[in-house]
Amino acid sequence: MATTSPRWDALDVFRGLTIMLMLLNLSPGSWEFNYGFLVHARWEGGALIDMVAPAFLFCIGVAMPLSFERRASKGARPRALLAHVFWRSLMLVAIGLFLNLYPKFDFDTFRIPGVLQRIGLCYGLAGCFMIVTATRRPDFRLRARPIALASLVVLVSYWALLYLVPAPGYTAPSFGPVDSWPAVIDRAVIGVGHFFPYWPVDGQVVFDPEGLLSTWPSCFNVLFGALVGIAFARRSFGFPAATAVIVGAVLMGIALALQGLCPIIKNLWTSTFALFSSGFSLASLGLLMPVSQAPVVGPVLAPARIFGENPLLAYILCFLVAPLIDAAWWGGGAQPVSLRAAGQAWFSQFLEPRAASLAFGLCGLALIFIVLLVCHRKRWILRL
């Protein structure tokens with residue numbers, strides 16, 4: 001994506017800040033000691049880290065109009081665009097499954113859902129819809145009205161299902177971790193043996209935060225991002241930065257006001273969570289627009305740009321290195337410890353435990369940045 005315009009530069013920076021925050025969450029010095037903004041909400045409510053996954057989906061959506069229309073202008077027909085979307089979606093899911101299998105490759109217990117799997121499915125579903133509903137004559141152009149209507153249908157249909165209809169085997173509708181539609185569907189289709197195992201409820205694993213049914217409302221974040229991308233690309237806003245902040249704040253306010261009807265729950269990706277997180281993403285992008293290329297602030301954000309141009313590579317590197325960090329080989333004697341534990345212990349000599357955990361994560365982030373910087377200078381960008 002071009003970065004000559006402040007608005008698109010702001011998108012690169014926002015995407016980079018997003019992946020940096022995600023990597024800090026994935027590579028702390030201690031899983032026990034973390035600052036609140038890096039700890040996911042177990043159920044209702046949220047923290048800053050809960051905005052990361054929806055922000056990624058939003059950024060993907062914002063970039064899609066420019067990507068699709070640029071390819072079409074170079075002669076790509078809708079069928080070729082659909083093939084590209086399908087292939088990219090399939091590859092994202094495949095990479096996500098590989099990272100979940102790595103390094104043990106235990107097919108009986110590996111986690112099937114995941115962040116990349118969700119991104120791939122949302123990209124595929126939203127992308128195919130955008131292409132099918134686009135105009136073809138005289139030029140290929142995405143149409144905002146069908147996308148907006150689909151966004152509304154996604155939110156309302158998912159809310160109505162959870163609020164009005166009991167899940168199979170239960171007598172009342174629920175937004176809970178055991179008896180809600182997403183949890184029941186995932187247990188029936190995927191099975192708890194392939195769930196994320198670290199958030200048990202009363203000692204039992206009963207849901208997965210990136211399950212099948214909750215992928216449906218996640219598509220809203222991509223569709224909403226596409227609407228933003230269309231509006232910005234076609235200069236629909238007279239004051240894009242201010243408008244983005246105001247519209248984003250309004251969406252967050254609406255989501256908060258509707259909590260009585262639909263609680264904000266990331267693990268179910270409730271309609272209010274989709275709405276709030278999309279508003280947060282838009283407002284954040286708006287705040288970055290006037291400062292991303294400012295003489296003082298712009299250079300400070302250079303690392304975020306480098307992360308933002310190669311986010312998939314950064315994510316993959318984090319997962320590939322994690323088993324090496326957790327391997328119990330550091331130090332001598334009969335009880336060697338992992339590099340993570342040794343690093344946490346070393347930093348704890350100077351810092352309180354949460355700060356030590358963050359310092360270890362920042363070191364890991366710096367190492368990945370060095371790799372990305374080399375790739376940036378050689379123009380090696382991992383694209384699907």
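A nonpolar core is a set of buried Ala, Val, Leu, Ile, Met, Phe, Trp, Tyr and Cys residues joined through side-chain atoms within 4.5 Å. Keep that in mind for the exercises below, which all use a predicted model.

**Exercise 1. Find the residues with the most contacts inside the largest nonpolar core, then list the surroundings of F58.**

Solution. Start with the core itself: the largest one has 83 residues. Inside this core, the residues with the most contacts are F58, F68, M130 and F307. Now take F58 and set aside its neighbours within four places in sequence. What remains in contact with F58 is F14, N221, F224, G225, V228, S281, L282 and L285. Finally, look for another core: a second, separate one has 15 residues, and L162, F175, W181 and V184 are included in it. As background, nonpolar side chains in soluble globular proteins tend to be buried together.

**Exercise 2. Decide whether I265 is buried or exposed, and work out which residues it touches.**

Solution. First place the residue: I265 sits in the loop between α8 and α9. Next, check its accessibility. Buried means under 20% relative accessible area, and I265 has 0%, so I265 counts as buried. Then look for partners beyond four places in sequence: I265 touches W43, E44, F175, T270 and F273. One of these, E44, is 221 residues from I265 in sequence, yet their C-alpha atoms are 4.7 Å apart in space.

**Exercise 3. Describe the nonpolar patch on the surface and say which element gives the largest share.**

Solution. Begin with the members: Y163, L164, V165, I246, V250, I254, L258 and L261. Together they have about 670 Å² of accessible area. Then sort them by element: α5 (144–164) and α8 (240–257) are the elements that give two or more residues. The largest share, three residues, comes from α8. For a closer look at one member, pick L258, which is found in the loop between α8 and α9 (271–288). At 36% relative accessibility, L258 is partly exposed.

**Exercise 4. Count the salt bridges, then trace what the pair D9 and R305 links.**

Solution. Searching the whole structure gives eight salt bridges. In the bridge between D9 and R305, the closest N and O atoms are 2.8 Å apart. This pair links distant parts of the chain, for D9 belongs to helix α1 (residues 6–26) and R305 to helix α11 (residues 302–309), 296 residues apart. Now compare the burial of each partner: D9 is buried at 2% relative accessibility, whereas R305 is partly exposed at 21%.

**Exercise 5. Work out which parts of the chain the salt bridge between D208 and R111 ties together, and set out how buried its partners are.**

Solution. Take the distance first: the closest N and O atoms of D208 and R111 are 2.7 Å apart. D208 lies in the loop between α6 (181–189) and α7 (215–233), and R111 in the loop between α3 (78–101) and α4 (115–132), so the bridge ties together parts that are 97 residues apart in sequence. On burial, D208 has a relative accessible area of 2% and is buried; R111, at 16%, also counts as buried.

For contrast, turn to E352 and R354, whose salt bridge has its closest N and O atoms 3.5 Å apart. Here E352 is partly exposed at 35% relative accessibility, and R354 is partly exposed at 37%. To finish, follow shared partners: salt bridges join R111, D208, E210 and K266 into one network.

Conventions
Residues are numbered from 1 along each chain as its sequence is written. This is a predicted model: local features need pLDDT of at least 70, side-chain atom pairs count only at pLDDT 80 or more; totals for chains, interfaces and linings use all residues. Side-chain values use heavy atoms; hydrogens and water are left out. A salt bridge is a side-chain nitrogen of Lys or Arg within 4 Å of a carboxyl oxygen of Asp or Glu. Helices (H or I, at least four residues) and strands (E, at least two) are DSSP runs, numbered from the N terminus. Buried means under 20% relative accessible area, exposed over 50%, partly exposed in between (1.4 Å probe, protein chains only). Patches are made of residues with over 30% relative accessible area and no salt bridge: like charges are joined within 9 Å, nonpolar side chains (Val, Leu, Ile, Met, Phe, Trp, Tyr) within 5 Å. Accessible areas come from the Shrake-Rupley method with a 1.4 Å probe; for residues, only the protein chains shown count as cover. Contact means heavy atoms within 4.5 Å.
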